2 protein chains.
Amino acid sequence: MTVDRDQVLRAAAVALTRKATSTMDEVAKAAGIGRATLHRHFAGREALVRALENLGIQEFEAALDAARLDEGPAGDALRRFIGEVEPVAGLLAFLVTENQLFEGEEMNDGWARLDGRVSALFRRGQEQGEFRIDLTPAWLTEALYGLIGSAAWAVQDGRVAAKDFQYMIAELLLGGARRSVEQ
Amino acid sequence: MTVDRDQVLRAAAVALTRKATSTMDEVAKAAGIGRATLHRHFAGREALVRALENLGIQEFEAALDAARLDEGPAGDALRRFIGEVEPVAGLLAFLVTENQLFEGEEMNDGWARLDGRVSALFRRGQEQGEFRIDLTPAWLTEALYGLIGSAAWAVQDGRVAAKDFQYMIAELLLGGARRSVEQ
DNA sequence: AATGGGTGAGACATCATTGTCTCATTCGGG
DNA sequence: CCCGAATGAGACAATGATGTCTCACCCATT
């Protein structure tokens, strides 16, 4: 009887990922509940998006933890992270394009923390001689986000196979398109 | 006196790139004209977005032409293209996220044509032994779009320098983050 | 079986945006 | 210099989404 808030959030994430301008009514239907109930759990659309933001940050952080970024070669850590982040890729793509989140001054500082951890991984890779130093950690971080979003979108659209998600992103980000002697 | 339609479109592109949900009133103000005039030139918001789509496709195609994709090494051609596409990167990022464009069946077939030309470049690079073959042309095309969008956003936000736009994208896409013997 | 909390459906007012219209003004070509 | 076309500002109705409320109903607990 009682609605599972977390389940509603995940359904909302799917609906909004598919169409960012979905109405509260569409979100409610996607979650299999009534619009009134949706409003009972989230004061409004704003609150819903904020809750999704928190969920996304939380899962992103969980993926970072599970990937153990500090252990082993930075490239391997990056591969682990991409594998862990795959289930949330669609939600993250939605949140990133929801640029109104980043307009106000009340920007969730969780993003900065996540950016910091990802940047730190790239920096570690550079300091240990594994990554090239002419591409800044900030850019590598942005690029990783962009590739994750692109891959999530391509998989959702059936242009690439879901099973290749981790491989495609990691190989492109680490090795690039150029054929090199190693590999 | 008479409004320059092309100039209005470019102003609209800037406004909508910055905030995808900008109202017609905001777009009009951004273009320095009245809302009534905006409606006189574009029958409605739908028509405006369609016009922007056509503009984006046209400029994208112009960038492809200017880059002479068939000439020389594929990597060099890609670099030229990235340089040429830089001025339209923001508009393209907006159009790609405006996924409602791709819901209806009346999807502008210009996108397929552009995708084809970009994919062909990657395929040529693979056939000539310049690019690795374990990453599909379709994925490399998606990745290129994603990186262009990420870079445009990062530059707009001041996280990376505008002058590095071409270099960052090309180096990452071609060579990847890993340090390799060549380079 | 009785009870109470949570829910779905719908009604309702409110609000923002859109699209259309009018009218005064202004700019440019003849 | 004058006339006409295009513009800006504002009024207006229509539309769609939002947020709130009521009420009947269902299910779980007691």
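**Exercise 1.** Determine where Arg68(B) is found in chain B and whether it is buried or exposed.

*Solution.* Step 1: Arg68(B) sits in the loop between α4 (45-67) and α5 (74-85) of chain B; helices are DSSP runs of H or I with at least four residues, numbered from the N terminus. Step 2: its relative accessible area is 38%, so Arg68(B) is partly exposed (buried is under 20%, exposed over 50%, partly exposed in between, with a 1.4 Å probe and protein chains only). Step 3: phi of Arg68(B) is near 50°, a positive value in a residue other than glycine. Most residues other than glycine have a negative phi.

The model is predicted: local features need pLDDT of at least 70 and side-chain atom pairs 80 or more, whereas totals for chains, interfaces and linings use all residues. Residues are numbered from 1 along each chain as written, chains are lettered from A and ligands numbered from 1 in written order, and side-chain values use heavy atoms, without hydrogens and water.

**Exercise 2.** Classify the aromatic pair of Phe60(A) and Tyr145(A), and state which parts of chain A the pair ties together.

*Solution.* Step 1: the structure holds six aromatic pairs over all chains (ring centres of Phe, Tyr or the six-membered ring of Trp within 6.5 Å; planes under 30 degrees apart are stacked, over 60 edge-to-face, the rest tilted). Step 2: Phe60(A) and Tyr145(A) are 6.0 Å apart centre to centre with 80° between the planes, hence edge-to-face. Step 3: Phe60(A) lies in helix α4 (residues 45-67) and Tyr145(A) in helix α8 (residues 137-156), so the pair ties together parts 85 residues apart in sequence. Step 4: ring pairs link Phe60(A), Phe81(A) and Tyr145(A) into a cluster. Phe60(A) counts as buried at 3% relative accessibility.

Terms used:
Helices (H or I, at least four residues) and strands (E, at least two) are DSSP runs, numbered from the N terminus.
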